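Trainee: Could you take me through one part of this model closely? I would like the strands and their pairing, and then whatever packs around them.

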Amino acid sequence: MQYGPFARKLRTYGKTELKNLKEVLNRGRLSIFYNDGGMVDRFQKAFAKYTGAKIALARVNGMGALAEAISVSGAGVGTEVLCDPVVHFGALAALYYNAVPRFVDIEPDTYCMDPKSLEANITPRARAVIVTHLWGLPARIDEIRRICKKHKLFLIEDCAHAVGARWKDKHVGTFGNLGMFSFQEFKQLSTGDGAMVTIQDKKLADNMENVWAFSGESPRIMTLNWRMNEMTAAIGLAQLGKVDSILRNTYNVTLKIFNDAIAGCRWLKPRLVPKEAIQTGYWFACKWEGDKFGLNYSRFKQLNEKLDIGLRFGFNQTAPYEFDFFHKAQAYGHQCPNKCPFYLKNSRYVYRKGLCPVVEDVMPRLVTVNLIFLSIAEAKRMAEKLGKAINMMDRG
Ligand SMILES: Cc1ncc(COP(=O)(O)O)c(C=O)c1O
């Protein structure tokens, strides 16, 4: 395992969670209509207020919410969805709804989607974009939104890592047509599993709500049942009240500890935080540039083992389009989407090495630490060892 040492227990669930759960049980309804004053209703309203979104809809998990986002975006058979190439979640959601994921390259210093590459990848078949605010750092979302507006593309913001992150003082998830926040256990706000979708357009939200209720009306749009239950929302509502202090007192602190540890190192380049962005702690990441100084990467990796630092090298082993998964036809009838006749009529997008040269260069150079289960004391110990490794490398 390349993960750092995890603290056994970092999150605290206490009186507020218990009080909320008790209230749900006393009420005797574990899954209820969204707008009836229950926990889901309250969690949604509180989350909308927290992010500044018009509407928030609670969902069962992040992948379900992303799949739903694709289904309401207008993407499907014969269309393309533009996705990030560092993490693969958006691409999987596109594939699930039979659309072709088309990978957009990243910026070399922020590791987030490069708006120039986005524009260069837009074809007449493009319908939607999924942009990830990777590891707590907002992508250049106003430029990405401008491009989406120009080309009439549905913009989905994957904010799974980005509770509290802002661009020009506006919370991420409020720029696009739809934002998605995951509350899976490894996220900044955990409900075990769970998610929230943020939306600015009431009609879209009404359509999405209309379907889950199975109210006897014909569903207005193609989606399934991704709703959250009351117990999950009871925990979420309690955790939301604590999340700013968790970020301020833990994740933002541990992020700074690692940034400070590499400050002054010539060959570990810190991640660029654009002046418009407020990053929140989720993963620490920097980039190995030792080759420019004649240093040996393998030696640095060996020191990580020897000193038991707990750094992770690379993120995925390759860009997702090099995964076997994307080379096989996975979706309906095992020929969609890539070999789908509706798609082939237009042209074919081939997953091959070289599609996103920047991500292929950056991915193996990434030196990262997952901050979610790391206490401040552990982060300090790791950072101290990292400092030692830097000195040993510099001494030759
Ligand atoms: C960027 C990103 N998007 C989506 C997901 C999926 O979220 P969930 O685990 O809630 O389904 C994850 C989970 O790790 C993620 O990191």
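**Strands, pairing and packing**

Mentor: Start with a short pairing: β6 (residues 166-167) and β7 are antiparallel strands joined by two bridges. Within it, Arg166 faces His171 of β7. Keep in mind throughout that this is a predicted model.

That pair belongs to an open sheet of three strands. The order is β7-β6-β11, and the pairing is antiparallel. The edges are β7 (170-171) and β11 (277-278); each has a single partner strand, so one side of each has no neighbour in the sheet.

Now the sheet of seven strands. It is open too, with mixed pairing, and its order reads β1-β9-β8-β5-β4-β2-β3. Here β1 (55-59) and β3 (100-103) hold the edges. Each has a single partner strand, so one side of each is left without a neighbour in the sheet. Neighbouring strands are turned against each other by 25 degrees on average, direction ignored.

Look at the β1 edge. Its pairing with β9 (residues 195-199) is antiparallel and spans five bridges. One position to find is Ile55, which stands opposite Ile199 in β9. A general point helps when you read side chains here: in a regular strand they alternate between the two faces of the sheet.

Go to the other end of the order. Helix α4 (residues 89-96) lies across β2, β3, β4 (126-132) and β5 (154-158). Against β2, helix α4 runs at about 170 degrees.

Next, a loop beside these strands. Gly74 sits between α3 (62-73) and β2 (80-83). Is Gly74 buried or exposed? It is partly exposed, because 15 other C-beta atoms lie within 10 Å, while 20 or more would be needed to call a residue buried. Leaving out residues up to four places away in sequence, Gly74 touches Arg127 and Phe154. Ala128 is 54 residues from Gly74 in sequence, yet the C-alpha to C-alpha distance is 7.7 Å.

Helix α3 leads to the ligand. The ligand is surrounded by 13 residues, and the closest are Gly62, Phe89, Ala160, Ser182 and Gln184. The largest share of this shell comes from α3, with three residues. By class, the shell holds six nonpolar, six polar and one charged residues.

Then take β14 (residues 366-370). Four of its five residues are buried, so mostly covered is the right description, given that buried takes 20 or more other C-beta atoms within 10 Å. Strand β14 pairs with β12 (residues 283-288) in the antiparallel sense, over five bridges. In that pairing, Cys286 is opposite Val367 in β14. Strand β14 is also joined to β13 (residues 312-313), antiparallel again, by two bridges. There the bridge partner of Arg312 is Thr368 in β14.

Last, a pair of helices. The axes of α9 (residues 297-306) and α13 (residues 376-395) come within 10 Å and cross at roughly 145 degrees. The crossing is right-handed. From α9, the contact uses Arg299, Phe300, Leu303 and Asn304. From α13, it uses Ala389, Met392 and Met393. These contact residues divide into five nonpolar, one polar and one charged.

Note on methods. Residues numbered from 1 in each chain as written. Predicted model: local features only at pLDDT ≥ 70, side-chain atom pairs only at ≥ 80, totals over all residues. Buried ≥ 20, exposed ≤ 12 C-beta atoms within 10 Å, placed from the backbone. Contact = placed C-beta atoms within 7 Å. Axes fitted to C-alpha atoms, helices over the stretch in contact; angles between N-to-C directions. Left-handed = near helix turned anticlockwise from the far one by under 90°. Nonpolar A, V, L, I, M, F, W, Y, C, P; charged D, E, K, R; others polar. Near = placed C-beta within 6 Å. Pairing = 2+ DSSP bridges.
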